[in-house]
Amino acid sequence: MIIAVIVILVIIIAVLMFYNMSIHKKIQSFNNINQKITNLNILQDFMDTLGEEESTNEKLQKINNILIERYEIKYSTIVTYNGAEYVIRASNVEEKHWDTLRNLNSEDTFKESIETAVPKYITVNQEGERLPYQKMEFGRAKSAIFFPLYIDNVYIGYWIIEGSRPHEFDNIDVTMLEVVKSNIVSVLKTIQNQDTLQNIVRDDQFSKLKSAEYLYGEAKKIIDKYTTSTVCMFKIINLVDINQKFNRETGNNTITEVCREISKEISSEYIFVRYMGPKFAIVFSGIELNTVADFMKEMKRKVEALEIPVVGEEDEEVFASPKINIAISTYYKGTALDGVTKKLEEYLDSANPKESDINNL
């Protein structure tokens, strides 16, 4: 009888153990699925942020805030090297600590991590201690993980997360953080082109307009407030002749006067840039093509009525008169703006030099 009871108890215990193992596996599987869903949601938030019409620093700060909120990280800082110095691109740490955070590459603690591309975890054992890189602070951070960032095997900076308690990251899922790091690298790689566009925009000396790169960076914030806009490109088709017949100074003055005449008539909501050489682009944000065609017809009349004094010529009866050729097209929000401008440019460059009209493409 006792033996039978023992056997039954053993069977019950075995069944319960098997059941517990089954439940544990299901919970583990659920946690893994939940973590994957979380990572996918965060990645989607990253992609949504990338699509917004904001500066690269604003995008990176939003992404950093997403990391802090979703993964419950106390402090998170992203630092990149711009070719001259290390720059904090995003951080929720007080600015008084930024000098320390932007110079972690020079700390012996992290040099091996940078050389090997392996994360470095450091922590203190008790409250009175401080992390090796901390110079003037004691209470802010007690644990940190340093992630070197690489794009195509080129070191470009680092991401560091910090906690306020000793050994705070002892049990953190480093694999998950490696995925996050990869996403940060992807974001940095994606916004490199936007960074480049923002940095190479220049003000033209003669037209007083911004260069073409402005169209594809800051100006898109204004342009993409509207579903459709009209893009106009015009070319001073006799600029080369003016340079050759008179002199380059007169040609430069022609550019100045043509742009001044048109700038007087257009709203600040419209984007006017020197596209390249004798070509200029105007984006009429939210304006229909037919309205722009009528406006540019009047602009063409006024521009071609200009009489530009010839530099070095004493005879006041001698002057240069600009001639322009105009092409316009519709831009739809979400499509490639550079595709529209390229089409207009190709048309103007291939048009008959004697053509002086307004063409809808």
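This is a short walk through a predicted model, from a sheet of strands to aromatic rings and then to charged side chains.

Let us begin with the sheet. Five strands make up an open sheet, and their pairing is antiparallel. If you cross the sheet from side to side, you meet the strands in the order 2-1-5-4-3. Which strands stand at the edges? They are strand 2, covering residues 86-91, and strand 3, covering residues 120-123. Each of these has a single partner strand, so one side of each is left without a neighbour in the sheet. Neighbouring strands in this sheet are also turned against each other, by 20 degrees on average when direction is ignored.

Now look at one pairing within the sheet. Strand 1 (residues 75-81) and strand 5 (residues 154-163) run antiparallel, and 6 bridges join them. To find your place in this pairing, pick out Tyr75, which stands opposite Glu162 in strand 5. A helix belongs in this picture too: helix 4, made of residues 108-116, lies across strand 3, strand 4 (143-151) and strand 5. Its direction is at about 35 degrees to that of strand 4.

Next come the aromatic rings. The model holds 13 aromatic pairs. One of them joins Phe234 and Phe280, whose rings are stacked, with 5.2 Å from centre to centre and 15 degrees between the planes. Why does this pair count as stacked? The label applies because planes under 30 degrees apart count as stacked. Along the chain these two residues are 46 residues apart, with Phe234 in strand 7 (residues 228-236) and Phe280 in strand 9 (residues 279-284), and the pair links these distant parts. Are Phe234 and Phe280 buried or exposed? Both are buried.

Other rings join up into a group. Ring pairs link Tyr81, Tyr86, Phe110, Tyr133, Phe146, Tyr150, Tyr155 and Tyr158 into a cluster. A ring can also have a charge over it: Lys210 lies over the face of Tyr214, at 5.6 Å from the ring centre.

That brings us to the salt bridges. How many salt bridges does a search of the whole structure find? The search finds 13. Start with Lys181 and Glu178, whose side chains meet at 3.2 Å, N to O. Both residues lie in helix 5 (residues 174-200), and they are 3 residues apart, about one turn of the helix. The two partners do not share one label for exposure: Lys181 is buried, with a relative accessible area of 13%, whereas Glu178 is partly exposed at 26%.

Another salt bridge brings together the side chains of Lys220 and Asp224, at 2.5 Å from N to O. Here both residues are buried.

Our last stop is the salt bridge between Asp349 and Lys235, where N and O are 3.4 Å apart. Asp349 lies in helix 11 (residues 337-350) and Lys235 in strand 7, so the pair ties together parts that are 114 residues apart in sequence. Asp349 is partly exposed, with a relative accessible area of 41%, while Lys235 is buried at 18%. These two residues also belong to one network, in which salt bridges that share partners join Lys235, Lys279 and Asp349. As you turn the model, you can come back to strand 7, since Phe234 of the stacked pair lies in it and Lys235 of this salt bridge does too.

Key: Residues are numbered from 1 along each chain as its sequence is written. This is a predicted model: local features need pLDDT of at least 70, side-chain atom pairs count only at pLDDT 80 or more; totals for chains, interfaces and linings use all residues. Side-chain values use heavy atoms; hydrogens and water are left out. Two strands pair if DSSP finds at least two bridges between them. Helices (H or I, at least four residues) and strands (E, at least two) are DSSP runs, numbered from the N terminus. Axes are lines fitted to C-alpha atoms, for helices over the stretch in contact, and angles run from 0 to 180 degrees between N-to-C directions. Contact means heavy atoms within 4.5 Å. Rings of Phe, Tyr and Trp (its six-membered ring) pair if their centres lie within 6.5 Å; planes under 30 degrees apart count as stacked, over 60 as edge-to-face and the rest as tilted. Buried means under 20% relative accessible area, exposed over 50%, partly exposed in between (1.4 Å probe, protein chains only). A charge sits over a ring if NZ of Lys or CZ of Arg is within 6 Å of the ring centre and within 35 degrees of the ring normal. A salt bridge is a side-chain nitrogen of Lys or Arg within 4 Å of a carboxyl oxygen of Asp or Glu.
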